[in-house]
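Please look at the sequence and the structure shown below before reading on. The report that follows moves from the overall fold to the strand pairs, then to the core and to one pocket.

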Amino acid sequence: MKNLLSILVAAFLLTACEKGKTTAANSTDKADSTAAKSEWKPVDSATAMKAWMEYSTPGEMHKMLAKSDGAWTGETTMWMENGGKPMMSKSETTNKMMYDGRYQISNHKGNFMGMPFEGMSIVGYDNSKKKFISTWIDNMGTGIMHGEGEWNPSTKSVEFKGKMTDPSRPGKDCDFREVFTFVDDNTQKLEMYGPDSKTGKEYKTMEIKYTRKK
């Protein structure tokens, strides 16, 4: 019933948005109106309802995420610069699916350079985009990382790409890349890549090896 209600609300909003666009277009000049009409494709209520049901229903990718639920230990290796001395640390991670299996929230605890570290990620699979979506926040910053990636069945991995704040360049973002590999049911690996502070070229900044707690 909750799913049906949310779908009905979404379909109503889609219809209202369509009417709102039409009203807004009528209030602008002819050129803007023509442009708005070319960008907006009318959708009937039955088509909108079907689309929202497909969009909101968890599928095989969500079931795969759910297999990672539980407690994990992490062994982290970090490099502050390309070719620099690696720094080692350990962490604890707990994964849990939320909203009826639609998203997975992960809480991370450990240490970084002798300081307590806490972070949280939310990962989901967007049925419409056919992509995994991730967000990340932690106590070492004040921004939110956002990435998108596609599933690679041959390597059992997702390559996330996105942008993150670069504190060394105030107001600027930098590109980052993450490769998350599902090695097996009890082993996972996260590799993160970002720009070298001196050259701007991509290098491997971090690797975490996760092992499921027994």
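How many strands run in the closed barrel, and with what pairing? In this predicted model, the barrel is built from 10 strands in the order S1-S2-S3-S4-S5-S6-S7-S8-S9-S10, and the pairing is antiparallel. From one strand to the next, the twist averages 25 degrees. As general background, the strands of a sheet pair through backbone hydrogen bonds, which can be parallel or antiparallel in arrangement.

The protein chain as a whole contains 4 helices and 10 strands, and reading along the sequence gives the pattern α-α-α-α-β-β-β-β-β-β-β-β-β-β. Of the 214 residues in the protein chain, 32% are buried. When contacts between residues at least 6 apart in sequence are considered, 35% of them join residues at least 24 apart.

Some of the strand pairs can be set side by side, each with one pair of bridge partners.

| Strand pair | Bridges | Bridge partners |
|---|---|---|
| S1 and S2 (residues 87-98) | 9 bridges, antiparallel | Thr 77 and Met 88 |
| S2 and S3 (residues 103-112) | 8 bridges, antiparallel | Met 97 and Gln 104 |
| S8 and S9 | 7 bridges, antiparallel | Thr 181 and Lys 189 |

S2 and S3 also form a hairpin, with 4 residues between the two strands, and in its turn Tyr 99 has a positive phi of about 55 degrees.

The largest nonpolar core holds 22 residues, and those that touch the most other members are Phe 132, Phe 160, Phe 180, Leu 190, Met 206 and Tyr 210. Two or more residues of this core come from each of several elements, namely helix H4 (60-66) and the strands S1 (70-78), S4 (115-126), S7 (157-165), S8 (173-184), S9 (187-195) and S10 (202-212). Tyr 210 can be followed further: leaving aside its neighbours within four places in sequence, Tyr 210 is in contact with residues including Trp 72, Thr 93, His 108, Phe 180 and Leu 190. Two of these contacts, Phe 180 and Leu 190, are themselves among the core residues already named.

What volume does the second largest pocket have? The value is about 370 Å³, and the pocket is lined by 20 residues, of which Tyr 55, Ser 56, Arg 102, Tyr 103 and Tyr 125 lie nearest its centre. Helices and strands both take part in this lining, since at least two residues are supplied by each of helix H1 (2-26), helix H3 (45-56), S4 and strand S6 (145-152).

Note on methods. Residues numbered from 1 in each chain as written. Predicted model: local features only at pLDDT ≥ 70, side-chain atom pairs only at ≥ 80, totals over all residues. Heavy atoms only, no water. Core = buried A, V, L, I, M, F, W, Y, C linked by side-chain atoms within 4.5 Å. Buried < 20%, exposed > 50% of the residue type's maximum accessible area, 1.4 Å probe, protein only. Contact = heavy atoms within 4.5 Å. Pairing = 2+ DSSP bridges. Axes fitted to C-alpha atoms, helices over the stretch in contact; angles between N-to-C directions. 1 Å grid on protein atoms, 1.4 Å probe; cavity = no way out; pocket = protein on both sides within 12 Å on 5 of 7 lines; lining within 4 Å. Points joined across faces, edges and corners; volume = space filled by probe spheres on them.
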